[in-house]
Amino acid sequence: MIVSQTQPNEFTLSTMINACTGLEDGRQGRKIHGYLIKLGYDLDLFSANALVDMYAKVGTLKDSVSVFNGIAKADIVSWNAVIAGCVLLESHDCALELFREMNKESGVSMYGEGVGVNQTTLSTVLKSIASLQASHICRQMHALSLKSGFEYNNYIVNGLVDAYGKCGQSEDASRVFKESQTSDLLAFTSMITVYSQDGQGEEALKLYLEMQSQGIKPDAFVYSSLFNACASLSAYEQAKQVHVQVLKLGFIIDIFAGNSLVNSYAKCGSIDDAERAFREIPERSIVSWSAMIGGMAQHGHGRLALQMFNEMLKEGVAPNHITLVSVLCACNHAGLVTDAKRYFSSMEELFSVQPMEEHYACMIDILGRAGKLDEAMELVNTMPYEANAAVWGALLGAARIHKNVDLGSKAAEMLINLEPEKSGTHILLANIYASAGMWDGVAKIRKVMKDSNVKKEPGMSWMEIKDKVHTFIVGDRSHPRGKEIYAKLEELSEPLRKAGYVPMVETDLHDVEEREKAKLLYHHSEKLAVAFGLIATPPGAPIRVKKNLRICLDCHTAIKLVSKIASREIIVRDINRFHHFRDGLCSCGDYW
């Protein structure tokens, strides 16, 4: 057209701007903008809106906002375009500020009637609210959507569910979802994701079944969230069933579902299944590698995790800060202090990743566990961050291992100031006092807990058998097969004694006779779960147990021996890591 010397008009040029947007060609788009100015056309609203949209979509937000500010009288399309541009380029504060200006120009408050917004405006702003986790603004947007008559609009429902979920308000998200009575795939996906991220794995799985009953065909994103739900529950059998569904539908090639499957199997206690799933991902991203390296570290395969890290580097995948946390954790679980020091000191030089608080906490934990307490404290004093709960927790753990009362007291004092409601700090300090024979100190801790109304979190263990989750707490006899469970424990007592098991009564802080302490120890939730596993699963089958706290040293010792006596692999996932007990040994190498 230009070659034929036919002069374009503003309609031609605005159409060309849209073409540049579709091609994400900012250079040509800027030329078209220049043509508009050169030919003397006033920037009509249609062309201006197209330019606002184009500049944002090619990544130049400053130019997008500049064109928007030059519009004499912006309409709803103009506002939506510039706000969407801010959201697209993750300038979420800017998006909210523009939304406030938009309402201000309407001359009414956010709660007022007649605000010039539509479903596009609301759903776009909700994305920024979700990213910023701005819960108070989320409620305002919810009120505005109600007043604007969009409470049943699918886009708004999905946006509210996602925003409330990201703000940690799963109950509000659930209420919006249920009240909308939607049968939309996106809404189900959003709600399943909220439950999964909030640790409500059972609710996520229930909602998936409801979704199927309504005949809604799931997509890869649903399965990605379901795998995460199974991971939070350590529900190995459920993960396998979901995996079968994914294979049937051909979603396993989807990178999101593939990465979630790796993470799920790793957190369900089957690192072999996780590695198989990892190898089947056609194009492994940094998320894939990080999930696998982190899984191996958690399962005590420190050296294998480092081998995989080197394999990742050979494939040209650059690590991020999460990968390097997993690498340091691998060194920690395997006791590889020298390797950890090398990786930690070269992070910035080799990988352009500046050590963050998590990396310092890992390194301090590594040094502390290895008995290098002076080095650990030196790192605490020289790091560019103020020591947080993770750091003091690592030092308290090191003090417990090495029976260092002074360090334990200091670390516990700092932790209690940071997290006064957590009982674990008091318990660990009491254990340090008990192991040093300082019973006055134990009594003092008990009194502090009583006076401060700090309740000890009860130890709980879970087992999944035939799609049903069985829960155990210390001394509980309410399980339908309770008599059989206690009979199995009684049956094991003599073989355990002959194998060298002696109850570690000094680790029990109850103010009772030693005989009663031994009985309490023998009826810990982990032991009840293992006993149930022995009677409820086929001979030779692995037993998988999840525990909400750190596995106690007495249970760790006893379960090691049970694995040999019963010729079973027993996998216990506690709050820190996995323990694979086999033939009287543990994968952690007693690096407990």
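Mentor: Before we start: two strands count as paired if DSSP finds at least two bridges between them. And keep in mind that this is a predicted model.

Trainee: Okay, which residue in strand 3 stands opposite Trp462?

Mentor: Start with the strands themselves. Strand 1 covers residues 460–465 and strand 3 covers residues 543–547; they run antiparallel, with two bridges joining them. Across from Trp462, in strand 3, you'll find Lys546.

Trainee: Which strands stand at the edges of the sheet?

Mentor: Look at the order, 2-1-3-4-5-6, in an open sheet of six strands with mixed pairing. The strands at the two edges have a single partner each, so one side of each has no neighbour in the sheet. Those are strand 2 (468–473) and strand 6 (585–586).

Trainee: How far apart are the end C-alpha atoms of residues 184–218?

Mentor: That span is one of those the unreviewed UniProt entry annotates as "repeat: PPR". In the model, the span is 74% helix and 0% strand. The distance between its end C-alpha atoms is 10 Å.

Trainee: Now the empty space. Which elements give two or more residues to the lining of the largest cavity?

Mentor: Searching the whole structure turns up three cavities of 30 Å³ or more, and the largest holds about 60 Å³. Its lining includes Leu489, Val530 and Ile559. The elements you're after are helix 27 (482–498), helix 29 (525–536) and helix 30 (553–565).

Trainee: How many charged residues are in that largest cavity's lining?

Mentor: Sort the lining by class. Nine residues are nonpolar and none is polar. The charged count is one.

Definitions and conventions
Residues are numbered from 1 along each chain as its sequence is written. This is a predicted model: local features need pLDDT of at least 70, side-chain atom pairs count only at pLDDT 80 or more; totals for chains, interfaces and linings use all residues. Side-chain values use heavy atoms; hydrogens and water are left out. Helices (H or I, at least four residues) and strands (E, at least two) are DSSP runs, numbered from the N terminus. UniProt positions are given in the numbering used here, feature names are shortened, and annotations may be inferred rather than shown by experiment. On a 1 Å grid over the protein atoms alone, a cavity is a set of points where a 1.4 Å probe fits but cannot get out, and a pocket is an open set with protein on both sides within 12 Å along at least five of seven lines; lining residues have an atom within 4 Å of a point. Grid points are joined across faces, edges and corners, and a volume is the space filled by probe spheres set on the points. Ala, Val, Leu, Ile, Met, Phe, Trp, Tyr, Cys and Pro count as nonpolar, Asp, Glu, Lys and Arg as charged, and the others, Gly among them, as polar.
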